[in-house]
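I opened this structure to take a few notes for someone new to it. I wanted to look at a sheet in one chain and at the make-up of another.

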Amino acid sequence: MRFRVLLSTLALCCVPAGLFGELVSNDMLLHPPPNSWPTYNGDYSGRRFSPLKEIDAANVKGLGLAWTHQVNPGSGPSSGIKATPLLADGVLYFTEPDNAWAVDARSGRELWHYKWESQGGIHIGNRGVGIYHDWLFFETPDNHLISLEAKTGKFRWSVVIADLAQEYFSTPAPIVIRNHVIVGVGGDSLDVPGYLESRDPETGAVQWHWNTEPRPGEPGSETWPGADAMEHGGGMTWNPGTYDPDLNLIYWGTGNPNPVHAGASRKGDDLWTCSIVALNPDTGKLAWYYQVSPHDTHDFDATQTPILFDAVYKGKKRKLLAQASRNGFFFLLDRTNGEHLLTTSYIDQTWASGTNKKGQPLEIPSKEPQTSGALASPASGGATNWFSPSYDPGTGLFYVNTTQSYSIYYLTDTSPRPEGYAGRDSGVWAQCALKAIDPETGKVRWSHPYTPLHSDGAGILSTAGKLLFTGDPYHHFVAFDPGTGRILWHVGLNGNVSNGPITYELDGHQYVLVASGDVLYSFKLLR
Amino acid sequence: MKRTKHNFRAAVLLCCSAAVLSAGQTTNAAAQAQSPSPGTKPATEAKQAQGNVRAERMAKFLAIGEAPDPAAVQRGKQLFTATCGFCHGATATGGEGGPNLVRSILVLHDNNGSNIGPVVHGGRPGKGMPAFPSITDAQISDIAAYLKSRIQAAANRGAYEIQNIVTGNAEAGKTYFDGAGKCSTCHSTTGDLAGVAKKYEPDVLQSLILYPIAPGKSEEDLPEKARETATVTEPNGQKVSGFLMHLDDFNVAVQDSSGTYHSWERQGNGDDGLKVDVRNPLQAHVDLVKTINDTDLHNVLAYLETLK
């Protein structure tokens with residue numbers, strides 16, 4: 001049975017003008033107004049940069065609590081709010097696994113709560129909703145795409161997007177592009193193939209389906225030993241991608257190949273796993289790809305946000321794409337055609353000996369998982385992971401929360417037909433740091449390291465107020481000077497920041513919103 | 001705040017195709033490593049118990065369902081090996097012409113023989129599979145239980161067993177321990193490390209060689225001489241020294257020799273007039289993690305494994 005917590009009449013009265021218009025239009029998605037955050041990254045570029053500047057380096061000390069709101073996801077362990085809330089018409093929409101909420105952005109008052117009765121799946125987190133016109137879309141651990149009416153939380157329909165019996169589970173926030181709802185999937189417990197789909201916002205029907213693995217005989221199939229390896233090759237699409245409307249291309253990172261830690265049954269590069277792929281959002285057709293970890297055996301998903309920006313590279317203005325990848329390397333590409341421009345390592349990695357002519361890391365064979373253990377950096381959790389990076393066009397720097405970690409990688413399944421993870425790693429030491437990377441050189445411009453053995457998983461927001469907001473590993477929400485890394489403001493929360501912060505303007509005032517666990521915290525300048 | 005290894009280890013374990021849990025939640029994470037119980041149980045029994053806990057927690061996190069009845073699994077395994085193993089492989093991962101059934105979508109959707117039964121009874125004439133009409137429904141149920149156990153074993157990475165990892169050269173390990181590794185600067189194989197191989201399973205010991213906080217243990221569980229200490233000098237010149245209890249950009253705390261806890265607020269950027277000098281006796285291990293090669297690591301493990 002499904003139920004939803006009904007709106008009170010009072011709450012209904014608080015929903016403003018959106019009752020009579022389109023909550024999120026295509027134009028809003030292309031040019032997000034300051035009183036909105038209409039898609040996962042704020043806009044399609046993935047920069048998580050806001051032009052708002054009421055709050056700036058000079059007055060940020062006056063930032064204080066506007067409201068907090070604690071959600072109650074009901075029974076079972078909570079993953080906390082990992083979703084980036086979307087804002088439209090003064091209302092915030094966000095999720096936890098099986099749950100969606102609407103909250104008044106001015107007061108934190110809950111307008112409605114929708115709960116999905118789960119049939120199972122991994123409840124590790126959910127990245128949020130997508131909005132098309134007046135409809136919300138979110139994915140569930142049991143692989144349903146659910147559509148709700150945004151104003152009421154009323155159920156419209158659900159469709160199955162992946163097979164729970166094959167251990168798929170779904171965490172991404174759908175990305176809406178015109179009349180396409182782009183949905184990714186996750187799951188690598190068993191050896192199943194990854195894919196990306198576009199769904200019809202009216203009906204949930206499949207518009208196109210892109211397979212991470214080629215089919216026998218297709219280009220790319222030469223990087224696999226055969227059809228069986230491809231059919232079970234992994235490569236999940238579990239983090240939201242980005243979009244360039246002018247080029248009409250979406251950019252998605254793909255996950256690790258399967259079996260995860262054993263490469264014996266999938267010799268070759270294993271395209272298009274651990275890759276950045278550019279697809280046409282109307283057809284799902286592959287325009288180009290760049291593989292950041294050929295033949296991965298360390299679980300180094302390349303699903304981190306491929307950030308899009310235009311900047312001068314070697315004297316020429318270019319349309320760029322940058323990714324700080326889980327494997328410890330920073331990649332700069334030309335997003336028109338996938339031309340490789342630059343690779344650097346942004347932590348001290350020890351699994352690769354360098355890069356080849358295409359800028360791809362060269363794995364040291366002895367650093368593949370071994371039965372007796374291979375010590376390597378980073379650990380399988382990676383040099384970074386799902387939490388959002390940011391690019392600030394003011395400083396021209398790329399920001400990412402990083403982990404310098406070391407782990408012993410064990411191969412546990414030495415059979416010719418390894419299964420599932422086929423190995424595991426055992427972390428021994430780690431140190432997190434917030435880093436600013438200069439995309440033109442790939443060098444770390446500044447680094448803010450934290451005390452070792454604490455883990456951090458906060459997203460990053462940068463603003464035209466010359467501020468960078470993120471969480472540290474000790475429950476603080478912190479504003480940095482994005483040019484220098486100097487700390488300008490902080491506040492202690494109930495736990496570590498658990499999502500990517502956002503900012504928006506309402507009634508002429510700028511708010512900054514962040515989540516920790518089950519609590520949303522809203523900040524504004526206190527006068 | 002206690003600096004345990006929980007957060008980091010749980011995060012590493014859970015970094016599958018979804019996310020790390022944020023640190024705030026990891027103390028309740030499904031996949032926390034269990035701390036070893038040094039010296040309280042025979043090592044193999046302790047390993048078994050520890051492995052079971054890890055496997056059960058991971059099974060819950062992965063939501064792979066209840067384990068099938070072990071007796072049915074055992075019966076199903078015997079029947080499968082004898083009847084199906086030639087074509088499908090003894091472990092059902094494929095054999096002489098028969099497909100891998102652990103990855104079979106038909107099998108993954110089976111419910112106590114609902115899908116498997118008709119195929120076994122009717123065969124697949126077009127694909128060369130003969131019919132087995134005499135296999136009873138109860139036997140089908142047992143085969144289904146066995147296949148389910150195989151699927152769960154593949155999916156549950158918390159149940160994977162690390163193989164024999166003591167492959168190094170103990171003699172070379174001793175040379176490294178006393179020489180280049182500088183281990184003997186702080187450790188003695190007849191003192192603090194006497195009998196260490198009895199206390200820990202080899203994979204745990206291999207981790208502890210690199211950094212000596214066992215899974216599930218915190219810095220406060222370390223012997224006093226191994227704990228981090230700090231001296232905080234206030235702007236007026238007054239100094240307080242003790243165990244470092246916490247250090248971040250905005251707070252520092254120490255516990256002095258009388259057991260009294262002291263904490264200070266900091267302003268970030270280190271420009272608050274407080275001077276904090278930290279001494280980490282484990283710095284040599286941090287350096288070791290970053291520099292040791294696998295051969296030396298395996299050799300030292302082999303050497304320490306002689307200390308029973």
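My entries on chain A come before those on chain B.

Entry, general. I noted that I am working with a predicted model.

Entry, sheet in chain A. I looked up how the strands are ordered, and found an open sheet of four strands in chain A, running S12-S13-S14-S15. The pairing in this sheet is antiparallel. I then checked the edges: strand S12, residues 175–177, and strand S15, residues 206–211, each pair on one side only. On average, neighbouring strands of the sheet are turned by 20 degrees against each other, with direction ignored. As a reminder to myself, strands of a sheet pair through backbone hydrogen bonds, either parallel or antiparallel.

Entry, one strand pair. How many bridges join strand S14 to S15 in chain A? I found five, with S14 covering residues 195–199 and the two strands running antiparallel. I also looked for what stands opposite A:Ser198, and it is A:Trp208 in S15 of chain A.

Entry, chain B. I went through the secondary structure and recorded 12 helices and five strands. Chain B has 308 residues, and 39% of them are buried. For contacts between residues at least 6 apart in sequence, I noted that 58% join residues at least 24 apart.

Entry, domains of chain B. The division gives domain 1 at 1–63, domain 2 at 70–155 and domain 3 at 227–280. I looked up how the centres of domain 2 and domain 3 of chain B are placed, and 64 Å separate them, taken over C-alpha atoms.

Terms used:
Residues are numbered from 1 along each chain as its sequence is written. Chains are lettered from A and ligands numbered from 1 in the order in which they are written. This is a predicted model: local features need pLDDT of at least 70, side-chain atom pairs count only at pLDDT 80 or more; totals for chains, interfaces and linings use all residues. Two strands pair if DSSP finds at least two bridges between them. Axes are lines fitted to C-alpha atoms, for helices over the stretch in contact, and angles run from 0 to 180 degrees between N-to-C directions. A residue is buried if 20 or more other C-beta atoms lie within 10 Å of its own, exposed if 12 or fewer, and partly exposed in between; C-beta atoms are placed from the backbone. Two residues are in contact if their C-beta atoms, placed from the backbone, lie within 7 Å. Domain bounds come from an automatic or database domain assignment.
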